[in-house]
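Q: I'm new to this structure and would love a close look at one part of it. Could you pick a helix and walk me through its surroundings?

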Amino acid sequence: MNSPIFYPNGQLSAYIEHLKTVYRNAITVESGRYFTTVNELTDQLPATRAFTLTAAVEVLDSLITPGIVSNKILVEEDKGAIIGGAYSYITGLPLAIARMYSYDIPGGIAVPIEMEYMKGRLLVNGLSAGDRLMLIDDTLATGGTIIALAKAAELANAQIVDIRVIVEKLGMGGRERIRDKLGIEVKSAIQISIDKTGKIEVM
């Protein structure tokens with residue numbers, strides 16, 4: 001059952017505007033090839049307010065596609081776990097997390113990852129054959145995280161059926177890469193762009 005959970009007083013537009021304000025107030029840092037945002041939601045700068053998490057899960061819930069049903073949430077721990085954990089709580093869906101362990105765990109699936117600001121490996125726990133996965137992430141940029149998680153799902157004989165992100169960084173090719181490799185359209189709540197000087201524009 002993936003149905004919209006709570007929209008008190010029809011506040012969806014207020015939640016979206018709140019998240020846009022979070023990103024308007026963000027700073028950027030050079031993380032190698034790109035500028036990366038540093039903000040309240042993903043970096044606890046300032047500390048993440050409860051209302052910001054509420055806004056995040058509300059907008060994720062609004063991205064439902066009728067007819068697509070998942071039985072488990074999959075996230076990565078670096079920035080997505082806080083959002084996935086909150087969404088798991090309100091939906092009742094189990095939560096599988098990809099972690100950056102330096103050691104192996106029995107039953108974990110190790111996959112390489114190359115994303116906007118790092119390279120390494122993820123150890124994915126909690127997947128089972130036949131799972132229909134909702135992949136949740138904070139940001140879609142190059143698509144590296146989502147591609148790595150899709151590989152883990154494939155190795156577990158599970159299927160990603162739904163991909164939802166809070167923010168999409170335009171001009172980085174992630175949406176197209178995921179469409180080409182996975183055949184899935186990512187659903188994003190807000191879009192941003194970052195110019196060559198690190199200035200953020202929120203759409």
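**Helix H1 and the sheet beside it**

A: Let's start at one end of the sheet, where Ile194 stands opposite Ile200 in S10. Keep in mind that this is a predicted model. Strand S9 (residues 187–194) and S10 run antiparallel and are joined by three bridges. Both belong to an open sheet of eight strands with mixed pairing, in the order S5-S6-S4-S3-S7-S8-S9-S10. Strand S5 (109–114) and strand S10 (200–202) are the edge strands, each pairing on one side only. On average, neighbouring strands of this sheet are turned by 30° against each other, direction ignored.

Now for the helix. H1 lies across S9 and S10 as well as strand S7 (132–140) and strand S8 (159–169), and runs at about 25° to S9. Helix H1 covers residues 12–24, and at 1.5 Å a residue its 13 residues should span 18 Å; the end C-alpha atoms are 18 Å apart, so the two values agree. Its buried residues are Tyr15, His18, Leu19, Lys20, Val22 and Tyr23.

Tyr15 deserves a closer look. A search of the whole structure finds one aromatic pair, and Tyr15 forms it with Phe51: the centres are 5.5 Å apart and the planes 40° apart, a tilted arrangement. The two rings link distant parts of the chain, as Tyr15 sits in helix H1 and Phe51 in helix H3 (residues 50–62), 36 residues apart. Tyr15 has a relative accessible area of 2%, so Tyr15 is buried. Phe51, at 39% relative accessibility, counts as partly exposed.

Notes. Residues numbered from 1 in each chain as written. Predicted model: local features only at pLDDT ≥ 70, side-chain atom pairs only at ≥ 80, totals over all residues. Heavy atoms only, no water. Helix = DSSP H or I, 4+ residues; strand = E, 2+ residues; numbered from the N terminus. Expected span 1.5 Å × (residues − 1). Buried < 20%, exposed > 50% of the residue type's maximum accessible area, 1.4 Å probe, protein only. Pairing = 2+ DSSP bridges. Axes fitted to C-alpha atoms, helices over the stretch in contact; angles between N-to-C directions. Contact = heavy atoms within 4.5 Å. Phe/Tyr/Trp six-rings, centres within 6.5 Å; stacked < 30°, edge-to-face > 60°.
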